[in-house]
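Open the model in your viewer and switch to a cartoon view. Keep the selection tool at hand.

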Amino acid sequence: MLKKKNKYVVAVAGATGAVGREMIEILGERNFPVAELIPLASERSAGERVELNGKHWTVKQLGKNSFKGVDIALFSAGAERSLEFAPAAVESGAVVIDNSSAFRMDPKVPLIVPEVNAHAIAKHSGIIANPNCSTIGMVLVLKPIHDAATIKRVVVTTFQSVSGTGKKGMDELAQQTVALLSFKDVETNVYPHQIAFNCLPHIDSFLENGYTREEMKMANETKKIMEDGALRLTATAVRVPVFRGHSESINIETGKKISANEVRAVLSAAPGVVVYDDPKKNIYPTAIDIVGKDETYVGRIREDESVPNGINLWLVSDNVRKGAALNAVQIAELLIK
Ligand SMILES: NC(=O)c1ccc[n+]([C@@H]2O[C@H](COP(=O)([O-])OP(=O)(O)OC[C@H]3O[C@@H](n4cnc5c(N)ncnc54)[C@H](OP(=O)(O)O)[C@@H]3O)[C@@H](O)[C@H]2O)c1
């Protein structure tokens with residue numbers, strides 16, 4: 001359990017990555033009471049410096065002894081590192097907020113989106129998990145609709161940006177785009193096929209049932225966060241040549257009839273959600289508009305005319321921010337409240 005203090009020692013494992021850098025920026029933006037920052041990464045980045053509130057901190061190599069005196073450890077260095085080092089951090093007395101998939105479905109580990117299930121944080125025993133980036137934006141929108149009209153089934157297709165694969169994904173899209181526009185051959189290292197000017201229906205590895213891990217994460221994590229094992233969700237996750245911002249097309253079937261206008265009203269009152277929906281004026285969210293925004297933006301809200309109780313909508317969320325770094329810092333804020 002975290003002892004109340006005026007300021008906390010905060011470690012960031014993966015401090016040099018896309019999410020880790022954003023975490024440090026958000027700690028500063030939101031004036032999180034940091035007494036000392038301990039940025040951790042691989043041997044490659046040890047010695048680099050990161051800045052928080054005008055002060056520079058030297059990156060150290062992540063190890064089992066990195067967590068002496070640490071109050072809160074934000075992990076964002078991949079699932080393997082979380083499995084290897086998060087238990088050591090807890091043993092040293094830190095509370096771990098983990099961004100990877102390592103512990104999300106562990107029944108002892110709360111899986112938290114503060115606007116949706118903040119209450120579940122009380123049950124933690126040292127590790128708290130941050131959901132998958134596509135799940136976070138989606139549950140912010142599903143929860144208020146579920147409360148209003150009881151969701152029976154969700155069909156979601158994602159359009160996920162390359163920053164979801166971290167820095168190397170962004171580098172690959174940039175390099176391939178430049179190569180193609182210069183009439184040169186493309187190199188493919190990060191994704192199984194060319195991502196520039198293409199869409200890949202493949203995120204994470206394929207499972208025996210034909211789905212990808214990413215698709216099953218969305219189904220399983222949603223049930224856990226919404227505390228409703230009966231909620232049926234099927235997903236198709238697609239990687240698209242967008243640098244940042246995940247978009248999702250969502251079809252929702254409810255038990256009770258809810259009109260498009262009622263959905264607009266419910267979502268307008270929902271924390272962390274902005275309704276941006278006036279198609280006649282070409283107003284609907286796109287990834288370019290929402291980069292750097294805290295909220296998940298929703299548009300194209302309309303009734304599904306093929307079923308008695310159905311809604312279609314489109315949402316866009318900044319995957320590096322609310323999909324990862326911001327949600328983790330919000331969990332840290334809940335911890336020190
Ligand atoms: N990007 C997203 O939208 C997103 C969303 C939700 C969750 N996540 C999760 O967040 C984590 C990080 O993602 P990212 O996008 O920030 O990736 P990234 O840009 O590739 O950064 C990875 C970070 O992990 C560090 N790291 C890698 N191998 C390491 C090792 N052996 N020992 C210590 N540190 C090591 C890297 O350090 P070096 O710089 O030294 O290599 C870097 O700081 C992943 O678990 C990912 O699944 C990402």
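This tour of a predicted model goes through two sheets, a helix pair and the ligand site.

**Stop 1: the parallel sheet**

Start with the open sheet of six strands in the order E5-E2-E1-E6-E7-E8. Its pairing is parallel. Now pick out the edges: strand E5 (60–61) and strand E8 (127–129). Each has a single partner strand, so one side of each is left without a neighbour in the sheet.

Move inward and select residues 72–75, strand E6, together with residues 95–98, strand E7. Four bridges pair these two strands in the parallel sense. For one pair to display, take Ala73, whose bridge partner in E7 is Val96.

Add helix H2, residues 79–91. H2 packs on this sheet and touches E6, E7 and E8. Its direction makes about 175 degrees with that of E6. Next, add H9, which also packs on the sheet. H9 touches strand E1 (8–13), E6, E7 and E8. Compare its direction with that of E7: the angle is about 155 degrees.

**Stop 2: the H4–H9 crossing**

Keep H9 (residues 321–336) selected and bring in helix H4 (residues 133–149). How far apart are their axes, and at what angle do the helices pack? The axes are 8 Å apart, and the angle is about 85 degrees. That value falls in the 65 to 115 range, so H4 and H9 are roughly perpendicular to each other.

Show side chains at the crossing. From H4, choose Cys133, Ile136 and Leu140. From H9, choose Lys322, Gly323, Ala324 and Asn327, which they meet. Colour by residue class: the residues of this contact divide into four nonpolar, two polar and one charged.

**Stop 3: the mixed sheet**

Go on to another open sheet of six strands, ordered E10-E9-E11-E14-E13-E12. Here the pairing is mixed. The edge strands are E10 (232–239) and E12 (273–275), and each pairs on one side only. Look along the sheet for its twist: neighbouring strands are turned by 20 degrees against each other on average, direction ignored.

Select strand E13 (residues 296–303) and strand E14 (residues 310–317). They run antiparallel, joined by five bridges. Zoom in on Val298, which has Leu315 in E14 as its bridge partner. Then show helix H7, residues 260–268. H7 lies across E12, E13 and E14, and runs at about 165 degrees to E13.

**Stop 4: the ligand**

Finish by centring on the ligand. Which residues are the closest to it? They are Thr16, Ser42, Arg44, Ser45 and Ser163, out of 25 residues that surround the ligand.

Now turn on backbone atoms. A polar backbone atom of Val19 is 2.8 Å from an oxygen atom of the ligand. At Ser163, a backbone N or O atom lies 2.8 Å from a ligand nitrogen atom. At Gly166, a backbone N or O atom lies 3.5 Å from an oxygen atom of the ligand.

Technical notes. Residues numbered from 1 in each chain as written. Predicted model: local features only at pLDDT ≥ 70, side-chain atom pairs only at ≥ 80, totals over all residues. Heavy atoms only, no water. Pairing = 2+ DSSP bridges. Axes fitted to C-alpha atoms, helices over the stretch in contact; angles between N-to-C directions. Contact = heavy atoms within 4.5 Å. Parallel < 35°, antiparallel > 145°, perpendicular 65-115°, else oblique. Nonpolar A, V, L, I, M, F, W, Y, C, P; charged D, E, K, R; others polar. Near = heavy atom within 4 Å. Polar contact = N/O pair within 3.5 Å; in protein donor to acceptor, adjacent residues only side chain to side chain.
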